[in-house]
Amino acid sequence: MKFFVLLIIAYLLGSIPSGVWVGKLFFKKDLRQFGSGNTGTTNTFRVLGKKAGITVLLMDILKGTLATSLPLLFSLDVNPLVFGVAAVLGHTFPVFANFKGGKAVATSAGMILAYNPAFFVYSALIFIITLYITSMVSLTSMISAVLITLSTIILPFAIPGILPQFDWLLTLIAIALTIFIFIRHKENIQRIKDGTESRVPFGLGSKK
Ligand code: G3P
């Protein structure tokens, strides 16, 4: 019973449409009608600016972190990743926003933060370096997902200080989320192919 209640709470936490709410509340704008139409951090930065972007990034990460911490907070002996995944599904298919949500990236990061902070820092570095090279958040999200998944296999042998042992559930979830992230970026992939994907104004790939 406790398991199912916490699973629903995790999904509901993930469902909080941070971008939509911040946009409507403080800017009287519905993010879904501007920029890429996505409700995540990147489009918030693009449409509503830095402050709103950072707020949505933190909120979306926090949703995943809180959801993943539920078994610890409520003394339930179930792998926390299960609740992280529920939050990611909530973030992508939010009950509070007609089931049209983000692309699973920030909330997945929040899940990693709660599960293994050292691996979060490692993953964040991969993301930052890749973003610097590509200057495209969408491409960075997909490349990072692949690299982070590979890292769940390699790190336990290469740098056990970050991932002490091979964690099959983490790898399995990382593979599933990577496929999911690629599917959610279908339109971005098309724009990358067409050469029309938007870029951040910094890094090697920026068009300054
Ligand atoms: O996490 C979403 C990001 O990878 C792409 O967002 O708004 O450019 O489609 P957007």
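Helix H3 (41-48), helix H8 (137-158) and helix H10 (186-194) of the predicted model each contribute at least two residues to the shell around the ligand, where helices (H or I, at least four residues) are DSSP runs numbered from the N terminus. Because domain 1 (1-115) and domain 2 (116-208) both give residues to this shell, the ligand lies between them; the domain bounds come from an automatic or database domain assignment.

The shell divides into two nonpolar, eight polar and three charged residues, with Ala, Val, Leu, Ile, Met, Phe, Trp, Tyr, Cys and Pro counted as nonpolar, Asp, Glu, Lys and Arg as charged, and the others, Gly among them, as polar. Of the 13 residues around the ligand (a heavy atom within 4 Å of it), Ser36, Arg46, Lys103, His185 and Asn188 come nearest. Polar contacts are pairs of N or O atoms within 3.5 Å: an N or O atom in the side chain of Arg46 lies 2.7 Å from a ligand oxygen atom, an N or O atom in the side chain of Lys103 is 2.7 Å from an oxygen atom of the ligand, and a polar side-chain atom of His185 is placed 2.7 Å from a ligand oxygen atom. Taken alone the ligand exposes 310 Å², of which the protein buries 95%, as computed by the Shrake-Rupley method with a 1.4 Å probe.

An unreviewed UniProt entry annotates residues 111-132, 139-159 and 165-183 as "transmembrane region", although such annotations may be inferred rather than shown by experiment. Residues 111-132 are 95% helix and 0% strand, with end C-alpha atoms 24 Å apart, whereas for residues 139-159, also 95% helix and 0% strand, the end C-alpha atoms are 26 Å apart.

The protein chain averages a pLDDT (the predictor's confidence in each residue, from 0 to 100) of 96, and 100% of the residues score at least 70; the model scores ipTM 0.95 and pTM 0.95. Residues are numbered from 1 along each chain as its sequence is written, and side-chain values use heavy atoms, with hydrogens and water left out. Local features need pLDDT of at least 70 and side-chain atom pairs count only at pLDDT 80 or more, while totals for chains, interfaces and linings use all residues.

Methods:
Polar contact = N/O pair within 3.5 Å; in protein donor to acceptor, adjacent residues only side chain to side chain.
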